[in-house]
Amino acid sequence: MNDNEALPPRAVPSSHRRGGVLTHVELTWIEKRIEHWLRFGRRTEEKILDRRRSVSSFAPGSIFGFVRWAANDYGTVVSRMDIVRAVESGQRYQTLPFVRPGGEILLRVDSWPKVERVLQAVDAIDALAIDPADVAPEYWRHLHNRLAAGHVPRDYTREQHIAWLKRRSVTP
């Protein structure tokens, strides 16, 4: 078999067999050096590569929060949080480090104060007994835009969530 031949059916990765291609997120944890972790999201698959690395996979349409932090001998060099929606095969997407192939970025913040503010918003949503993965994508965009402009974002409410669930149930 050469590189141009199709793979036999038994060799197709499981992530391609379910009708859609999954979005894969590479997570790394090296204490006080590199910490990539998921704050929320519903994993479809998880593969542990070694004691420091794993790959979590998400079905199309899933929303997840991905936090990246890195430091060197002189202090923090990266503090970033992205809230991403996994896309269907053939849809347009934005590329993102450690996320393959990429996704629709709903929120992207840099610097620890902004990351901390997003984590507080996620905690407030958890306090409402709402899974952050089920929150309306418009809220994540709102939070991104308000933080980027230096304004205080509005809180996510139970009424807003109920309206989102109703809207989602009637749209194709």
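## A walk along strand E5

Start with the whole chain: of its contacts (heavy atoms within 4.5 Å) with a separation of 6 or more, 57% are between residues 24 or more positions apart. What you have open is a predicted model, where local features need pLDDT of at least 70, side-chain atom pairs count only at pLDDT 80 or more, and totals for chains, interfaces and linings use all residues. Residues are numbered from 1 along each chain as its sequence is written, and side-chain values use heavy atoms, with hydrogens and water left out.

Now colour by secondary structure. You'll find four helices and eight strands, counted as DSSP runs (helices H or I, at least four residues; strands E, at least two) and numbered from the N terminus. The order from that end is α-β-β-β-β-β-β-β-β-α-α-α.

Next, select residues 63-72, which form strand E5. Is E5 mostly covered or mostly uncovered? Mostly covered: nine of its 10 residues are buried, meaning under 20% relative accessible area with a 1.4 Å probe, protein chains only. Across the chain's 172 residues, the buried share is 38%.

Keep E5 selected and add residues 34-40, strand E2. These two pair in the antiparallel sense over six bridges; pairing takes at least two DSSP bridges. Zoom in on Ile34, whose bridge partner in E5 is Ala70.

Then add residues 75-85, strand E6. E6 runs antiparallel to E5, with 10 bridges joining them. Pick Trp69 and look across to Ser79, its bridge partner in E6. To finish, follow the backbone from E5 into E6: the hairpin between them passes through two residues.

Definitions and conventions:
Buried < 20%, exposed > 50% of the residue type's maximum accessible area, 1.4 Å probe, protein only.
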